[in-house]
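Welcome to a short tour of a protein chain. Have the viewer open beside you and follow along at your own pace.

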Amino acid sequence: MTDNMEKTNGMDKDNEKAQRKKNEDNEGMKYGKEYTVAIKLEGEDKVTTMELLRAIKEVCGEVVGCRMKGEKKYEITMRNERGKERLMDGLRIKDTRILASDINVKELVVSFMNLPVYVEDGVILSKLSSWGVTAISEIRRRVWPGTEVVDGTRFCKVKFTEKETSLPYSTRIETLEGAEYFRVIHDKQVRVCRMCIQPGHIVKDCPEFQCFKCGNQGHYARECDGEKERNFCGGCRKRLAECNWRGWG
């Protein structure tokens, strides 16, 4: 009887000590905004909040905060930077993709969809550089679920600037069958001009766009009519007043 009472008292003390430690840990826990990301679920499978939390914990580490923001949208706070970085890489639950993005608009994950697998990462880095933004993580390749077979999509974290806040919806890349346009996706994306990467107009209306035949805006060279073309030399394509080409006249 005495042995049982001592054993019970010992268990109670252990439970009390564990609870006290848990409370102390919770009091010192940091719910940092720097460890908080926006989560979006893409897929037809229904994923409950508890399934989401279990999957994130298993793959990325401890979750200390979860706020539902709408259908298939959450705000997740991780325990530390390592967990946040792992979550930013994305994961899957069944056939549903869990996409994480930094709430800080200047750092977003950009995806280049369905590229040929032989396209080198340098092509992507060159595109980003031409748009005035910088990749701040390595370029990763998405794989088919349960395999190591890449599906063509590439993604990386990109740092935007005060001027460049969105990227074009598509970009032209050379393939074995010729040039093709591929979808470019990131959060908070808006339509921008492919030439100057600014919103509010399309390429034809861009201040930087000019027909190389007549020098005017509003049309491509293939659409240029003869009246406008007469102002330019057919050999060197400079204005007649500037031309010194001897092959005409």
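What follows goes from the overall make-up of the chain to its strand pairing, its salt bridges and a few individual residues.

## The chain as a whole

Please keep in mind that this is a predicted model. The chain holds five helices and 11 strands. Of its 249 residues, 34% count as buried. The accessible surface comes to about 16300 Å², and 48% of that surface belongs to carbon and sulfur atoms. Contacts across the sequence are worth a look too: among those between residues at least 6 apart, 51% join residues at least 24 apart.

## Strand pairing around S1

Strand S1, residues 36-42, is a good place to begin. S1 runs antiparallel to strand S3 (residues 73-78), and five bridges join the two. One pair to pick out here is Ala 38, whose bridge partner in S3 is Glu 75. S1 also pairs with strand S5 (residues 96-102), again in the antiparallel sense, over six bridges. On that side, Lys 40 has Leu 99 of S5 as its bridge partner.

Strand S4, residues 91-93, includes Ile 93. With a relative accessibility of 10%, Ile 93 counts as buried, because buried means under 20%. Which residues does Ile 93 touch, not counting those up to four places away in sequence? They are Val 47, Glu 51, Leu 52, Ala 55 and Ile 98. Ile 93 can also be placed relative to Leu 41: the two are 52 residues apart in sequence, and their C-alpha atoms are 9.4 Å apart in space.

## Salt bridges

A search of the whole structure finds 11 salt bridges. Three of them are set out here, each with the distance between the closest N and O atoms and the relative accessibility of both partners.

| Pair | Closest N to O | First partner | Second partner |
|---|---|---|---|
| Arg 154 and Asp 121 | 2.8 Å | Arg 154: 1%, buried | Asp 121: 28%, partly exposed |
| Arg 142 and Asp 151 | 2.7 Å | Arg 142: 18%, buried | Asp 151: 13%, buried |
| Arg 172 and Glu 174 | 3.8 Å | Arg 172: 46%, partly exposed | Glu 174: 51%, exposed |

Salt bridges that share partners also link Lys 40, Glu 42, Arg 97 and Asp 187 into one network. Lys 40 has come up already, as the residue bridged to Leu 99 in S5.

Returning to the pair in the top row, Arg 154 forms a salt bridge with Asp 121. Arg 154 lies in strand S9 (residues 150-159) and Asp 121 in helix H4, so this pair ties together parts that are 33 residues apart in sequence.

## Thr 134 and its contacts

Thr 134 belongs to strand S7, residues 134-135. Its relative accessible area is 47%, which makes Thr 134 partly exposed. Leaving aside neighbours within four places in sequence, Thr 134 is in contact with Lys 157, Val 158 and Lys 159. The C-alpha atoms of Thr 134 and Lys 159 are separated by 5.4 Å, while the two residues are 25 apart along the chain.

## The loop between S6 and H4

Strand S6 (107-112) and helix H4 (121-130) are joined by a loop that contains Val 117. Val 117 is partly exposed, at a relative accessible area of 43%. Together with Tyr 118 and Leu 176, Val 117 makes a nonpolar surface patch of about 330 Å².

Asn 114 sits in the loop between S6 and H4 as well. Is Asn 114 buried or exposed? Its relative accessibility is 55%, so Asn 114 counts as exposed. Asn 114 has a positive phi of about 60°, although it is not a glycine.

## Towards the CCHC-type segments

Ile 197 also has a positive phi, near 60°, in a residue other than glycine. Ile 197 lies in the loop between strand S11 (178-185) and helix H5 (226-229). At 4% relative accessibility, Ile 197 counts as buried.

An unreviewed UniProt entry places the feature "domain: CCHC-type" at residues 193-208 and 211-224. Over residues 193-208, the model has 0% helix and 0% strand, and the C-alpha atoms at the two ends are 10 Å apart.

Note on methods. Residues are numbered from 1 along each chain as its sequence is written. This is a predicted model: local features need pLDDT of at least 70, side-chain atom pairs count only at pLDDT 80 or more; totals for chains, interfaces and linings use all residues. Side-chain values use heavy atoms; hydrogens and water are left out. Helices (H or I, at least four residues) and strands (E, at least two) are DSSP runs, numbered from the N terminus. Buried means under 20% relative accessible area, exposed over 50%, partly exposed in between (1.4 Å probe, protein chains only). Contact means heavy atoms within 4.5 Å. Patches are made of residues with over 30% relative accessible area and no salt bridge: like charges are joined within 9 Å, nonpolar side chains (Val, Leu, Ile, Met, Phe, Trp, Tyr) within 5 Å. Accessible areas come from the Shrake-Rupley method with a 1.4 Å probe; for residues, only the protein chains shown count as cover. A salt bridge is a side-chain nitrogen of Lys or Arg within 4 Å of a carboxyl oxygen of Asp or Glu. Two strands pair if DSSP finds at least two bridges between them. UniProt positions are given in the numbering used here, feature names are shortened, and annotations may be inferred rather than shown by experiment.
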